[in-house]
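This report is for a reader who has not seen this structure before. Please look over the sequence and the model before reading on.

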Amino acid sequence: MYLKREFIVRHPIVVFTVGIAVGMCLIKIFSTPAAIDPFDTYTAQQSSYGTDTASHNELIDDAASDREVVSHDHLYDNTSLSDQLKREVRVLCWVMTNPSNHKKKARHVKRTWGKRCNILLFMSSAADEELPTVKLDVEEGRPNLWRKVKEAFKYVYKHHYNDADWFYKADDDTYAVIENLRYMLYPYSPETPVHFGFKFKTFVKQGYMSGGAGYVLSKEALRRFVVDGIPDPKMCLPGTVINEDIEIGKCMENLNVTAGDSRDVNGRGRMFPFAPEQMLIPNKDPNFWYWNYLYYKTDDGLDCCSDNAISFHYVPPSLMYVLDYLIYHLNPFGVIRAQRLPAKLKVGEFLPAPKEETANSNEDSMDDYDRLGKTATNKTQTAPDAREVD
């Protein structure tokens, strides 16, 4: 409806006021996103992510699923030590996966850390040429994990026993720094019956290794497992159960395969059953099952982890690419660390236990309350993997 000319002439202030009001409404309606306070937008986004972190991570992982891997080489890097380690410490990696995870998880392992293994295998119940997979005659599902592990190691022994010195099992949500794994293994003879991983104390006298952090068997440990262990029900449990890591720990102990110490010289851990942020900013509850399962007294927080950390668990595909960038590409300019390899050990020899000292920082010192949790001895406790799933 149009205002009459007479009304406009007689009431200019009213018209002006109405015009201002209408203009403000139009600005509000048609304002562009740039007019919104960026801080308010960021805060709102963070709030929504916090209430549905899983959905947000799924969106990121879906976006990364079809991402092409771009070559990002450093032409002037000195890789002579890592090249030497790759020749002298041959590591076969096999990754536990399943058909539903081939594209969601397994192929991202192949595009990131898996490509640094001497040999990379994916164990599944279905063939997939992209990975490719080793098709095992084992049904999927947690109840079949122990059988799947046995069949996988039998395949590795039959087809690749002489192609590697160490044999590393990981999940498709494990991230591993293979150069650091080789560095840890370098002093040891592959003929020594030993296996390494993140060691839990319960259920097995000498300790057993977390399945999620991954565990690595020496050549002799693999031989004993496949040749002497699996065929003998007194050595290794026949059939199948959920907790494959506990069962292989029992089997290794029965076969006199030593549960090695994967900590560094400072007593800091190198292989972990959780993602990096969960180790650096941990659950402080002293009743949390993790503190009761630890084999070694272990600090947490910023003093938790070795500078030569090897593996983390529960790592989504998006974080695998982030870790790859942070580890292999991001460098503080001008900081060059001296590196040298340790002396070799004879067959059957082991490095001395780390000397435990108070950390060189006031953040999470060795005597803080994080380390007051008593080691669990109750044999009826639920196994860690089951609690992790819960």
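The sections below go from the whole chain to its sheet, a helix, a single residue and a cavity.

## The chain as a whole

The model is predicted. Its protein chain has 390 residues, of which 44% count as buried. The secondary structure of the protein chain consists of 14 helices and eleven strands.

Contacts between residues at least 6 apart in sequence can be sorted by how far along the chain they reach. In this protein chain, 79% of them join residues at least 24 apart.

## The seven-stranded sheet

An open sheet is formed by seven strands, and its pairing is mixed. From one side to the other, the order is E3-E2-E1-E4-E9-E6-E10. Strand E3 (133-135) and strand E10 (258-259) are the edge strands, each pairing on one side only.

Which way do strands E1 and E4 run relative to each other, parallel or antiparallel? Strand E1 (residues 91-96) and strand E4 (residues 166-171) run parallel and are joined by six bridges. Within this pair, Val-91 has Trp-166 in E4 as its bridge partner.

E4 also pairs with E9, in the antiparallel sense and over four bridges. Trp-166 appears here too, standing opposite Ser-218 in E9. The pairing of E6 with E9 is likewise antiparallel, over two bridges. There, His-195 has Leu-217 in E9 as its bridge partner.

## Strand E9 and its two faces

Are the faces of E9 covered or uncovered? Both are covered. Tyr-215 and Leu-217 lie on one side, Val-216 and Ser-218 lie on the other, and all four residues are buried. Two of these residues have already appeared in the sheet: Ser-218 opposite Trp-166, and Leu-217 as the partner of His-195.

## Helix H10

Helix H10 (residues 244-254) lies across E4, strand E6 (194-196) and strand E9 (215-218). The helix runs at about 25° to E9.

How many of the eleven residues of H10 are buried? Eight of them are, and the helix is mostly covered. The buried set includes the acidic residues Glu-244, Asp-245 and Glu-247. Ile-246, Ile-248, Gly-249, Cys-251 and Met-252 are buried as well. After H10 comes Asn-256, which has a positive phi, near 60°.

## Asn-180

Asn-180 is found in helix H8 (residues 178-185). Why does Asn-180 count as buried? Its relative accessible area is 15%, and the cut-off for buried is under 20%.

Leaving aside neighbours within four places in sequence, the residues in contact with Asn-180 are Asp-307, Asn-308, Ala-309 and Ile-310. Another pairing by distance is with Leu-85: Asn-180 and Leu-85 are 95 residues apart in sequence, and their C-alpha atoms are 9.7 Å apart in space.

## The cavity

How many cavities of 30 Å³ or more does a search of the whole structure find? The search finds one. The volume of the largest cavity is about 130 Å³. It is lined by 15 residues, and the closest to its centre are Phe-198, Arg-263, Gly-269, Tyr-296 and Thr-298.

Sorted by class, the lining of the largest cavity is made up of six nonpolar, five polar and four charged residues.

Terms used:
Residues are numbered from 1 along each chain as its sequence is written. This is a predicted model: local features need pLDDT of at least 70, side-chain atom pairs count only at pLDDT 80 or more; totals for chains, interfaces and linings use all residues. Side-chain values use heavy atoms; hydrogens and water are left out. On a 1 Å grid over the protein atoms alone, a cavity is a set of points where a 1.4 Å probe fits but cannot get out, and a pocket is an open set with protein on both sides within 12 Å along at least five of seven lines; lining residues have an atom within 4 Å of a point. Grid points are joined across faces, edges and corners, and a volume is the space filled by probe spheres set on the points. Ala, Val, Leu, Ile, Met, Phe, Trp, Tyr, Cys and Pro count as nonpolar, Asp, Glu, Lys and Arg as charged, and the others, Gly among them, as polar. Two strands pair if DSSP finds at least two bridges between them. Contact means heavy atoms within 4.5 Å. Axes are lines fitted to C-alpha atoms, for helices over the stretch in contact, and angles run from 0 to 180 degrees between N-to-C directions. Buried means under 20% relative accessible area, exposed over 50%, partly exposed in between (1.4 Å probe, protein chains only).
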